[in-house]
Amino acid sequence: MTINWFKYASPAAFYPIAGRLVPVFSIAALGLVLFSLYWGFFETPERLGGSNPQKEYYRIIFVHVPSAWMSMWLYLVLAAWSGIGLVFNTRLSFMMANAIAPTGAIFTFIALWTGAFWGRPSWGTYWDWDPRLTSELILFFMYIGFMALHSAIDDSRRADRAAALLAIVGLVMLPVIYWSINCPDPNNCAALHQRSSLTQIESNILTAMLTMTLGFWLYSFATAFARLQGIILTRELESAWVRDMVSGPTPAASGG
Amino acid sequence: MIEFFNQGGYAFFVWGAFGMTFLLLIAEILLLRQSRRTILTRVGRLARLRAQQPQPAEPASPQPEHQT
Amino acid sequence: MLEVKDLSCRRGDRLLFSGLSFSLPASTLMHVRGRNGSGKTTLLRALCGLLHPDDGDILWRGESIRELSDDYNRDLLYFGHLNGIKADLTGIENLRVAATLDDDRIDDEEIRGALERIGLMGFEDLPTRMLSQGQKKRVALARLMLSRAPLWILDEPFTALDTDAVAQLEALIAAHVADGGSAVLTTHQEVALTRGEIRRLDLGARPGTTTPVGAAAAA
Amino acid sequence: MFQVFLCILKRDLTLALRRRTDVLTTLFFFVIVVSLFPLGVGSERELLRLLGPGVVWVAALLASMLALERLFAADYDDGTLEQLLLAGQPLSLLALAKITAHWLLTGLPLVFIAPLMAMQYALEPVAIGVMMASLAIGTPVLSLLGAIGAALTLGLRGGGILLSLLILPLYIPVLVYGAGAVGVSVIEIADTQPYFYLLGAFLLAGLVLAPPATAAALRISLE
């Protein structure tokens with residue numbers, strides 16, 4: 001069992017698998033996103049009722065919430081791969097973490113941007129020091145820090161491990177940061193933001209939101225695997241299988 | 001149609017949010033494609049160079065002796 | 001005592017050596033030779049445990065050095081390209097810190113004696129920044145005199161030393177090996193032993209092969 | 001074991017005493033940053049009283065950050081860090097000793113100079129007391145967290161900027177509750193105790209978690 005696992009944990013073995021998965025995930029993601037867009041714009045009401053009535057602009061929820069979820073989920077995945085890499089010393093795990101980071105950062109930025117565009121009509125301001133927005137901003141800094149540290153170190157092995165350690169430190173600190181922003185006054189610690197519960201949302205809206213989330217998720221798979229392929233190629237430039245793949249196996253090169 | 005694009009007067013916010021989202025996602029895809037092409041050309045060129053020199057010298061750039 | 005099995009190391013994404021195996025019993029000196037970039041320093045750092053090898057095991061007295069960790073470090077003395085000497089501390093202070101870190105109970109008299117023997121009489125109370133390059137190196141070498149570690153790993157210890165100091169260092173290494181210790185060193189300098197065995201390890205590629213292969217040969 | 005801790009602590013303090021300017025630079029940086037704010041925002045007493053806690057705390061973060069870069073860099077450059085790694089002593093302990101020395105040299109002076117700064121901001125004596133106490137508990141956390149970043153960015157070009165990018169976000173909880181405690185004591189006779197409990201909890205968690213993380217980061221950086 002374990003042997004099989006480690007067989008696919010080698011970059012050379014995973015490269016073709018990733019190549020086959022990218023189109024599958026891309027097409028599925030595209031389908032889901034298009035469906036969600038259709039559903040979100042044509043099958044949903046123009047008003048969001050309830051205690052906090054909102055007009056058409058509530059539709060931003062269809063990209064805002066999925067991207068915010070993805071930004072957090074991808075950070076978790078990134079930290080998990082980092083942890084696995086540090087414990088088992090597998091190079092593919094670090095590559096995976098690196099492949100995820102830019103996509104995660106993009107979703108974090110999207111969540112911030114759409115949050116601002118939603119905040120303006122509903123709160124009357126683009127930016128508010130709302131705990132969620134602020135934590136999302138911190139998450140964005142974490143992604144940037146991860147990528148900046150990785151690219152600042154020339155030795156790829158040190159870069160992998162240092163960035164991985166940073167990701168884990170960030171994972172430990174994020175809840176503390178979120179909590180401290182959420183509750184700046186420990187004497188009077190009520191949640192500032194409105195609570196939202198999935199069950200209160202109309203099913204059409206929920207459908208569009210969840211399909212978009214799934215679409216974004218598959219999109220993340222596709223981009224992460226595509227990026228992973230690039231990372232594997234550049235890292236393994238010297239190895240025989242890359243050369244064989246490009247030029248076809250040559251008997252003369254068997255020494256490598 | 002116009003009504004749809006108008007989004008009840010909130011067109012700027014709705015399309016601003018959706019526009020940026022898909023702009024970034026598409027940009028990411030395009031960048032990935034481009035970097036993939038660059039890498040593949042580079043790998044291909046390296047392979048061709050290797051093929052031309054049947055007995056390649058040791059890795060082209062002498063790695064400096066590692067210090068600390 | 002030190003055993004290396006099927007070791008391979010990379011720097012960055014380049015494989016330096018693979019399938020390297022050798023053992024280093026007590027009373028043995030091993031010379032590691034090879035061109036620049038053949039991975040001498042990398043090998044030495046891997047032997048110290050500073051560097052994770054890509055593959056393979058390093059055993060000290062039959063146990064993996066990863067698991068031994070601090071216990072292995074206590075048996076080890078490493079002398080790298082950098083002297084490991086604080087320029088703002090005096091020779092005595094530097095050596096005192098080093099001794100404390102090695103859990104050696106050494107009084108100042110012993111340290112003074114070592115510095116005197118290595119030819120730094122009168123300089124022991126000066127901040128080492130006031131000493132010349134060669135003198136700084138001697139301060140670092142005084143650590144060898146005070147150390148009780150059975151395994152020495154020395155990376156180019158002879159550079160920047162004058163002939164006197166070279167002779168002294170050779171004598172130190174010979175005495176260490178004769179005393180039952182073992183040592184690994186990279187150098188172009190031949191070291192004559194009074195007792196014990198010299199082995200050679202040639203690192204580096206033979207022309208025509210793309211992956212450098214390490215081969216151990218007992219001389 | 002305690003002897004090793006003391007040995008490294010003493011070594012770092014001795015080194016700092018032989019290069020006093022480094023320590024003083026940090027202190028003056030703190031003083032200057034704090035003194036610049038009234039020139040920028042105006043010298044209205046009420047406004048200053050409101051801004052004071054936050055400004056002093058932010059300046060403390062920056063000052064502590066400024067000195068972090070040197071925490072391991074000197075040892076890294078002359079090879080003594082390598083020797084610390086191979087010393088046969090728990091690296092966490094050695095890291096903790098170095099962090100302690102760093103705090104004694106950069107954090108502790110801030111605690112004592114803070115009252116002077118607080119006077120510039122027309123803070124009440126009670127608030128000054130709270131500020132000193134919160135700095136005394138909070139700045140060690142800064143040193144502990146910062147050490148991880150300093151170890152990760154060891155020897156990198158542009159390491160200082162990178163270090164602030166990595167570490168400043170992690171300082172937020174300390175900033176929120178450190179400045180919060182002083183802020184509360186300015187406004188009313190409110191309970192500052194929960195703030196100190198939280199800062200104390202951060203300190204304890206930092207003492208337990210940061211040294212091993214720093215040790216791991218050092219091993220990675222020296223590989």
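Which residues does Leu2(C) touch, not counting residues up to four places away in sequence? I opened the notebook with this point and found Ser23(C), Leu24(C), Trp60(C), Leu151(C) and Ser182(C). I note at once that the model is predicted.

**Entry 1: Leu2(C)**

I placed Leu2(C) in strand β1 of chain C. I then asked whether Leu2(C) is buried or exposed. Leu2(C) has 24 other C-beta atoms within 10 Å, and because a residue with 20 or more counts as buried, Leu2(C) is buried. I also looked up a partner far along the chain: Ala183(C) is 181 residues away from Leu2(C) in sequence, yet their C-alpha atoms are separated by 10.0 Å.

**Entry 2: Chain C as a whole**

I recorded 7 helices and 10 strands in chain C. The C-alpha trace of chain C spans about 55 × 35 × 35 Å along its principal axes. I compared the radius of gyration of chain C, 18 Å, with the value near 17 Å that a compact globule of 219 residues would have, and the two agree. I noted that 46% of the 219 residues in chain C are buried. I also looked at contacts in chain C between residues at least 6 apart in sequence; of these, 69% join residues at least 24 apart.

**Entry 3: The sheet that holds β1(C)**

In what order do the 4 strands of the open sheet stand? I read the order as β2-β1-β4-β5 in chain C, with antiparallel pairing. The edge strands are β2(C), residues 14–24, and β5(C), and each of them pairs on one side only.

I followed the pairing from strand to strand. β1(C) and β4(C) run antiparallel and are joined by 5 bridges. Here I found Glu3(C) opposite Leu59(C) of β4(C). β4(C) and β5(C) also pair in the antiparallel sense, over 2 bridges. Leu59(C) stands opposite Ser64(C) in β5(C), and Trp60(C) has Glu63(C) of β5(C) as its bridge partner.

I then looked for the helix beside these strands. Helix α1(C), residues 40–48, lies across β1, β2 and β4 of chain C, and runs at about 125° to β1(C).

**Entry 4: Positive phi values**

Which residue takes a positive phi in the hairpin of β4(C) and β5(C)? I found Arg61(C), with phi near 50°, in this hairpin with 2 residues between the strands. Arg61(C) lies in the loop between β4(C), residues 55–60, and β5(C), residues 63–64. I counted Arg61(C) as partly exposed, because 14 other C-beta atoms lie within 10 Å.

I set Asp6(C) beside this entry. Asp6(C) is not in a loop entry of mine but in strand β1(C), residues 2–11. Its phi is near 55°, a positive value in a residue other than glycine. Asp6(C) is exposed, because it has 12 other C-beta atoms within 10 Å. I add Asp103(C), just after α4(C), which takes a positive phi of about 60°.

**Entry 5: Helix α4(C)**

How many of the 11 residues of α4(C) are buried? I found 11 of the 11 to be buried, so α4(C) is largely enclosed by the rest of the structure. The buried residues of α4(C) include Gly91(C), Glu93(C), Arg96(C) and Leu101(C).

What covers the buried residues of α4(C)? I listed, among the covering elements, α5 (108–117) and α6 (133–146) of chain C, and α1 (2–18) and α4 (80–85) of chain D. The cover therefore includes elements of chain C together with elements of chain D.

**Entry 6: Where chains meet**

I turned next to the contact of chain C with chain D, in which 24 residues of chain C meet 21 residues of chain D. On the side of chain C, the elements that give two or more residues are α3 (70–74), β6 (76–79) and α4 (91–101). α4(C) gives the most, with 4 residues. By class, this side of chain C has 12 nonpolar, 6 polar and 6 charged residues.

I closed with the contact of chains A and B. This contact takes 33 residues from chain A and 24 residues from chain B. The side of chain B that touches chain A has 15 nonpolar, 6 polar and 3 charged residues.

Note on methods. Residues are numbered from 1 along each chain as its sequence is written. Chains are lettered from A and ligands numbered from 1 in the order in which they are written. This is a predicted model: local features need pLDDT of at least 70, side-chain atom pairs count only at pLDDT 80 or more; totals for chains, interfaces and linings use all residues. Two residues are in contact if their C-beta atoms, placed from the backbone, lie within 7 Å. Ala, Val, Leu, Ile, Met, Phe, Trp, Tyr, Cys and Pro count as nonpolar, Asp, Glu, Lys and Arg as charged, and the others, Gly among them, as polar. Two strands pair if DSSP finds at least two bridges between them. Axes are lines fitted to C-alpha atoms, for helices over the stretch in contact, and angles run from 0 to 180 degrees between N-to-C directions. The radius of gyration is taken over C-alpha atoms; the globule rule is 2.2 Å times the number of residues to the power 0.38.
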